[in-house]
2 protein chains.
Amino acid sequence: MENEKQIQTAEILCVGTELLLGDIVNTNAAYLSQQLAELGIHVYRHTAVGDNPERLKHALDAAFAEADLVITSGGLGPTYDDLTKETVAAYFGKKMEMHKDSLEAIRAYFERTGRVMTKNNEKQALMPEGAVVFPNHYGTAPSLAIVGGENNGKTAIMLPGPPGELTRIFAEEVRPYLEKRRGAVLVSKNVHIFGMGESAVENELATLMTEATNPTVAPYCKEGEVRLRVTAESDTRESAAEMCDGMIEKIRQTEVGKYIYGVDVGTLENAVVEFLHKNKLTLATAESCTGGLIAKRITDVAGCSDVFFGGCVTYTNDVKERLLGVKHETLEKYGAVSKETAAEMARGVRERLGADIGVSATGVAGPTGGTAETPVGTVFIGISTEKGETVRKLSLSSMRSREYIRIVSAANAYDMVLKSR
Amino acid sequence: MENEKQIQTAEILCVGTELLLGDIVNTNAAYLSQQLAELGIHVYRHTAVGDNPERLKHALDAAFAEADLVITSGGLGPTYDDLTKETVAAYFGKKMEMHKDSLEAIRAYFERTGRVMTKNNEKQALMPEGAVVFPNHYGTAPSLAIVGGENNGKTAIMLPGPPGELTRIFAEEVRPYLEKRRGAVLVSKNVHIFGMGESAVENELATLMTEATNPTVAPYCKEGEVRLRVTAESDTRESAAEMCDGMIEKIRQTEVGKYIYGVDVGTLENAVVEFLHKNKLTLATAESCTGGLIAKRITDVAGCSDVFFGGCVTYTNDVKERLLGVKHETLEKYGAVSKETAAEMARGVRERLGADIGVSATGVAGPTGGTAETPVGTVFIGISTEKGETVRKLSLSSMRSREYIRIVSAANAYDMVLKSR
């Protein structure tokens, strides 16, 4: 290909008036940044502009003044105000021509989804001469790369705005394209950690993290969880994966190893469903303060129905007795937020639903309802198996939001399920 | 105040390397954009840069080349790489000086939260001379405005990065400040619509929406819901609110009026909890395909415990029988995804939990599990009251994601509860 420049720096340029009106949150910029970081490409700026060719041209000028690569999202739809492709093509001095494969693909898409194709959609198959076109199996908007031309060997990659299309096309088409351009393959693996805080993980792995250059080790944290992204660069996917595995083995040898609950398991709830499948176990949930969140996240996982029977959301004491058979005396004597109630909830749901494992959560999620003995943030997580019941007490800060307290409670419930065997 | 320029255009400038690494999603830009749109201030660009004073200075240059106002978020923390305040002050040619009220407030914050204040936190109380300082009751980072100086009457407003702090300080302090600067008060009201699509709403209100200039009417949509933001500008909050009410009354007179379920009710689940409180009714949920989502969202609403008893997540047929008393014959004859099962689930949970209203959802959320008769996207929503049972059938596109199908199912459940009286 003509005059290709090596890609070291990038800018992400999102196009869409709906972004500037605040009607949608720019998740594309975060996704693309994460991906480019894994590819070792330094992102130095995000910009979002409206559907306005003048502004877009101005933004391209500013971006290419510093970046080797500009990735745009949005403005590739069929309507008159979708002008990203035309504007970028003009910027590179490229003419537009009909791209037959894309036209066929768009026709096939409309046939498949039973919708009517309009003349406007044909416009979506016009491509700048010499463009690298990435197939889009998820919509009608094109994805493409333009390299060189009047723009001094630099590269523009254009992706559609809807996150469902953008993320899939990037993973399937653009990432391999960029790896090829870099002449190296990058593989990343995510190490999932629960029960150890971010700073404790960083302290433990300080030397490893600062000295490692290939693979690199980078931490990031979610509510109650820490993840390490291990990224290796090599000639082949296999050897890069092996290098990652070697580093993960090193991490397992440290104190952090005890807290690893999986590699590339996606989420805690994914890990739980995988654990249940693997061990041929079934689960039922009994929730008070989490109000259905534990079950909801389990059922986010497609294919959970073999291992998840269901559960009860028992928000009142009366319902705890009716549905789960929690003893009236237990509630009277120890209260709804207690070790004893958590244990009876977990046992009750396990027995009544006939599952192998019952897990429960009862606590004070706030913002009100706390007392001196059980302040906001106090949560008991119970687990019941044929071996009996165990309860974990959480004392989260009462300064935390209701949402945070519920999310961390659910995370602990999953962690206890994973450790129940 | 010296040399204040009228504010018509703005840029949002977010500072933080974690944005460029993709570790966090930039929700601040969307929130601020929405707020500024309501204030009639035109946002023409978002930019995100790392914690790097040179880049920040460059971004300020580019922003002030066009904008009257730049709002920054992030880079106001206590550590060495938090340099937003210092960089913007230098840009305006202002010296830093200790701001006693802020220092006191930071000390008080540490006392209140029982944490130890370090020397670094004192740095957070240094302010550019002449700055307008907005109190922060939610953290230690300052919020401030600088106007004029060497920057030709333009304005910079700096806000902390954590969304919990940024949104509250904006609502309490910055919005009134900007209203004052504009010499007018803006009031926005959100009209919540369910059961009518976005384009149908726009068609119906086309004339109203294009002709209205004060109040303005702007639509935006969420999964299964449409909202209209009505914004009026006037001298006082009261008269602006009255103007909004007048416009909302006009909207109620149209076909759209039938589908309005509330004004400024936040979310559907908020509207449900309010509806239950107002009518002194109680609710119980029975969920199959939604897997706890309906209950989870109800219990997102603090204070729901007076009106929400709880519910059952009955993912298997066996559990539908055990927990809800759905008849074995019903499941055999009509299947789990049927009008009949939805009705029995709703009645079962209402009776067994002793609530006034039972609501149920059973369907095929996909991606697999569909058949010719009940394809992916088929969902039955049942409602049971003392008057009997009603069931609504949804036929959502099988191209939709599992997540979408579940969210729209929950939305329909809430809608049916709101219409149950």
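Trainee: What makes strand 2 of chain A and strand 2 of chain B a pair?

Mentor: Two strands pair if DSSP finds at least two bridges between them. Three bridges join strand 2 of chain A to strand 2 (residues 42-49) of chain B, so they qualify, and they run antiparallel. One bridge partner is B:Ala48, which lies opposite A:His46. Strands (E, at least two residues) and helices (H or I, at least four) are DSSP runs, numbered from the N terminus. The model is predicted: local features need pLDDT of at least 70, side-chain atom pairs count only at pLDDT 80 or more, and totals for chains, interfaces and linings use all residues. Residues are numbered from 1 along each chain as its sequence is written, while chains are lettered from A and ligands numbered from 1 in the order in which they are written.

Trainee: How many residues does each chain give to the contact?

Mentor: Chain A gives 53 residues and chain B gives 53 residues, where contact requires C-beta atoms, placed from the backbone, within 7 Å. Elements giving two or more residues on the side of chain A include helix 2 (27-38), helix 3 (53-64) and helix 15 (339-353) of chain A.

Trainee: Why are B:Ala240, B:Cys244, B:Met247 and B:Ile251 called buried?

Mentor: A residue is buried if 20 or more other C-beta atoms, placed from the backbone, lie within 10 Å of its own, exposed if 12 or fewer, and partly exposed in between. These four residues of helix 10 of chain B are buried, so each has at least the 20 that the term demands. B:Glu238, B:Gly246, B:Glu249 and B:Gln253, on the other side of helix 10 of chain B, are exposed.

Trainee: How do you know that the buried residues lie on the same side of helix 10 of chain B?

Mentor: The arc is that of the directions from the helix axis to the C-beta atoms. The buried residues cover an arc of only 65°, which puts them on the same side of helix 10 of chain B. They pack against strand 9 (185-194), strand 10 (216-222) and strand 11 (225-234) of chain B.

Trainee: What makes the span of helix 10 of chain B close to the expected one?

Mentor: The expected span is 1.5 Å times one less than the number of residues. Helix 10 (residues 237-253) of chain B has 17 residues, and its 25 Å from first C-alpha to last is close to the 24 Å expected.

Trainee: Why do strand 15 and strand 16 of chain A count as paired?

Mentor: Strand 15 (residues 357-363) and strand 16 (residues 378-385) of chain A share six bridges in the antiparallel sense, so the requirement of at least two is met. A:Gly358 has A:Ser384 as its bridge partner in strand 16 of chain A.

Key:
Two residues are in contact if their C-beta atoms, placed from the backbone, lie within 7 Å.
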